[in-house]
Structure formats: structure tokens, C-alpha cells
Number of protein chains: 2
Amino acid sequence: MKRHGQLIRVKTEKLEEYKKYHAEVWPEILEMIRKCNIRNYSIYHKDGYMFAYFEYVGTDFAADMAKMAADPKTQEWWDIMMPMQEPLETRADGEWWAEMEEVFHTD
Amino acid sequence: MKRHGQLIRVKTEKLEEYKKYHAEVWPEILEMIRKCNIRNYSIYHKDGYMFAYFEYVGTDFAADMAKMAADPKTQEWWDIMMPMQEPLETRADGEWWAEMEEVFHTD
């Protein structure tokens, strides 16, 4: 299992809409997350920053992310979410949510 | 079990030192974390922001936090960590790390 932390911003005027969508997330999105071997996935908000924590239990993260990106319902969801988001300028090439560095862990 | 997300900043010039301390965390600190019913505790870094995720498995979070705060070794650790940190101005009264709002979770 590999833990991930990711960071993005949400536009101030879109915050409530973003939260509402996530409070009523489509079942197909949850199903695809699970099929792509992601578990214990949480998103937290503070001051326009959205932090995501999840645990990847598969063996090929890139392949699972490609599978997710190829899913039509996920694309539909992202087409709504992405205009609400402001990715960090310091994110790596190819990233939307910026991967964070784990500096501490204890079970 | 109750999940927590928390946010703080670390001073740019202290980032490497902060990371080094956490890479070689004192065993007494880990022991106290466990005694205070905190599990699966991770800290992530990006652009000076430190995000903490943990799972609280006890029944009285305030009491457990008071127990942690009363521990001399934890106080010694915090006396080193706190001057490296910059708490968010928007944190609630009595907070150091700012509690974040959970906007999404799936198991």
C-alpha cells in the first residue's frame, strides 16, 4: 500500500458548489475510484486549499490513473470540477493535483 | 473512529530542519501519539504547507490532547517544532495546527 497526499486550490466563488458536488458525489465516481485501487480517500478544505489523502492498494498506479482518466463518467465529473479548481503553479509536469512529499508517518 | 485533517505552515528557512527531525522522530513521541489514541498519522509537505492526516480511535479527543500536552517529552519536542512553524491566521481560538473541514470521504 502506498499513501498519497495531494494539494490543489478551489476558486473562492466556487467553494460552496464544489463542496455540494462532493457531498452528493455520483455513485459511478465512487465505483471507479474503487476499481482503480484507491481506498480510504478523504478531501479536506481550509482557506481555499483542498488536501486529498488516499491509500493506493494496486500495483501500477500510472495504469490505474490512465484507466480512471479513460472513464466517460469520470471525464464528465472532471469537466465540472476542473473549472472550479486552481492547480498550484509549482505542480510537476503532467499533474493537476500536486503530489505532496510525505515527511512523517506512524501507524 | 474520527478522521482529522490539519494545516500549518513551516518557515522556509526551517523546512529542511523540520523534515530532518521528523525523519528521525524520537520514540517517546511515537509512543505518546499511540497512547493518545491516534493512528495512521501522516504529515505531507508542499510549498511550505504541512498537512496532517490522522485517525482518532479514542472516545475523548480533548482529554487525550490534554494528556499529550502534559507529557514532558512531547513538550520538549513542541518547544523545538513550534518556532519552526507559522500557524494560519485563520485558525480557530486555541488551535495551533488549524483543523480542516472534511468535504469528501470514501472507504
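What share of the contacts in chain A with a separation of 6 or more comes from residues 24 or more positions apart? I looked this up before anything else, and the answer is 72%. Note to self: this is a predicted model.

**Fold of chain A**

I went through the secondary structure next. I find four helices and six strands in chain A. Walking along the sequence, I read the pattern as β-α-α-β-β-α-α-β-β-β. The radius of gyration is 14 Å, close to the 13 Å from the globule rule for 107 residues, so I note chain A as being as compact as a globular protein of that length. For the overall extent, I looked at the C-alpha trace along its principal axes and got a span of about 40 × 35 × 30 Å.

**Burial and surface**

How much of chain A is buried? I get 46% of its 107 residues. For the exposed area of chain A I have about 5,600 Å², with carbon and sulfur atoms supplying 51% of that.

I also checked the charges. Chain A carries 14 positive and 21 negative ones, and I find their mean positions 4 Å apart.

**The two copies**

Then I put chain A on chain B. A rotation of 180° does it, with 0.0 Å of shift along the axis and an RMSD of 0.0 Å. I therefore wrote the pair down as related as by a two-fold rotation axis. Which surface does each copy use for the contact? It is the same one in both: 100% of the contact residues of chain A recur in chain B.

**Two asparagines with positive phi in chain B**

I stopped at Asn37(B), which is not a glycine yet has a positive phi of about 70°. I located Asn37(B) in the loop between α2 (27–35) and β2 (38–46) of chain B. Is Asn37(B) buried or partly exposed? Its relative accessibility is 22%, so I log Asn37(B) as partly exposed; the cut-off for buried is under 20%.

Asn40(B) got an entry too. Its phi is near 50°, again a positive value in a residue other than glycine. Where does Asn40(B) sit? I find Asn40(B) in strand β2 of chain B. With 11% relative accessibility, Asn40(B) counts as buried, because buried means under 20%.

To keep the pair straight in my notes: Asn37(B) is in a loop and partly exposed, whereas Asn40(B) is in a strand and buried.

How values were computed:
Residues numbered from 1 in each chain as written. Chains lettered and ligands numbered in written order. Predicted model: local features only at pLDDT ≥ 70, side-chain atom pairs only at ≥ 80, totals over all residues. Heavy atoms only, no water. Helix = DSSP H or I, 4+ residues; strand = E, 2+ residues; numbered from the N terminus. Rg over C-alpha atoms; globule rule 2.2 N^0.38 Å. Buried < 20%, exposed > 50% of the residue type's maximum accessible area, 1.4 Å probe, protein only. Contact = heavy atoms within 4.5 Å. Areas by Shrake-Rupley, 256 points an atom, 1.4 Å probe, with all protein chains shown as cover. Lys, Arg positive; Asp, Glu negative; His and termini not counted. Charge placed at Lys NZ, Arg CZ, Asp CG, Glu CD. Least-squares fit on C-alpha atoms with pLDDT ≥ 70 in both.
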